[in-house]
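Have a look at the model below and turn it around a few times. Then read on for a short tour.

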Amino acid sequence: MRAKITYFVLVALLLVYFLLVGGRGVALIRHGTAATVAFGIAVLVLPLIGLWFLWHSTLFAQRAGRLSKQLEEEGGLPVDELERTPSGRIDRASADAVFARRQAETEEQPEDWRSWFRLAVAYHDAGDTPRARKAMQHAITLHRRP
């Protein structure tokens, strides 16, 4: 629940920021000189890129959340079997061992979104966020196929 509250607060702050930046862009365009119009258009592009990124990130999170709920209902969520250091960090060797099992599972069932979901979690636990995101996106794509 805390993560959702943080997310919505950050989204609200971003939207306010986009409105403020957009307002400055419009003000520059209204000024009317060639330089201010060009700069105003450039300033308006930034909030548009930000909105696009925010929209796609939100869709990704919602879709991954739906997969997580479905997998939980099926009893297929990966169990946290990772060893941790006294400070609470994930032990690298433990994460690598779990990752190797998840990767083998995915290679055996490459068309199963569930194995890709678990692989994405293993990538995340191993600290490889870009690959975790790609694996989760692949799981979402597989899940959406008829």
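What follows goes from the whole chain to one helix and then to a pair of valines.

## The big picture

First things first: this is a predicted model. The chain has 5 helices and 0 strands, so if you walk along from the N terminus, the elements read α-α-α-α-α.

How does the chain's radius of gyration fit with a compact globule of 146 residues? Such a globule would come out near 15 Å, but this chain has 21 Å. Along the principal axes, the C-alpha atoms fill a box of roughly 60 × 45 × 25 Å.

## Inside, outside and charges

Out of 146 residues, 29% count as buried. The chain exposes about 10300 Å², and carbon and sulfur atoms supply 64% of that area.

Now for contacts. Take those in the chain with a separation of 6 or more: residues 24 or more positions apart account for 50% of them. As for charges, the chain carries 19 positive and 15 negative ones, and their mean positions sit 14 Å apart.

## A closer look at helix α1

Helix α1 covers residues 2-31, which makes 30 residues. From its first C-alpha to its last it reaches 44 Å, close to the 44 Å expected at 1.5 Å a residue. Just after α1 comes G32, with a positive phi of about 95 degrees.

Which residues of α1 are buried? They are V11, F18, V21, G22 and G25. And what do they pack against? The buried residues of α1 pack against α2, which spans residues 34-74. Here's a handy bit of background: an α-helix has 3.6 residues a turn, so residues three or four places apart point the same way.

## Two valines to compare

Let's start with V11, which is found in helix α1. Is V11 buried or exposed? Its relative accessibility is 15%, and because buried means under 20%, V11 counts as buried. V11 and R101 are 90 residues apart along the chain, and their C-alpha atoms are separated by 37 Å.

Next up is V121, in helix α4 (residues 113-125). Why does V121 count as partly exposed? Its relative accessibility is 25%, and partly exposed is the class between under 20% and over 50%. V121 and Q109 are 12 residues apart in sequence, and in space they are 16 Å apart, C-alpha to C-alpha.

Note on methods:
Residues are numbered from 1 along each chain as its sequence is written. This is a predicted model: local features need pLDDT of at least 70, side-chain atom pairs count only at pLDDT 80 or more; totals for chains, interfaces and linings use all residues. Side-chain values use heavy atoms; hydrogens and water are left out. Helices (H or I, at least four residues) and strands (E, at least two) are DSSP runs, numbered from the N terminus. The radius of gyration is taken over C-alpha atoms; the globule rule is 2.2 Å times the number of residues to the power 0.38. Buried means under 20% relative accessible area, exposed over 50%, partly exposed in between (1.4 Å probe, protein chains only). Contact means heavy atoms within 4.5 Å. Accessible areas come from the Shrake-Rupley method with a 1.4 Å probe; for residues, only the protein chains shown count as cover. Lys and Arg count as positive and Asp and Glu as negative; His and the chain ends are not counted. The place of a charge is taken as NZ of Lys, CZ of Arg, CG of Asp or CD of Glu. The expected span of a helix is 1.5 Å times one less than its number of residues.
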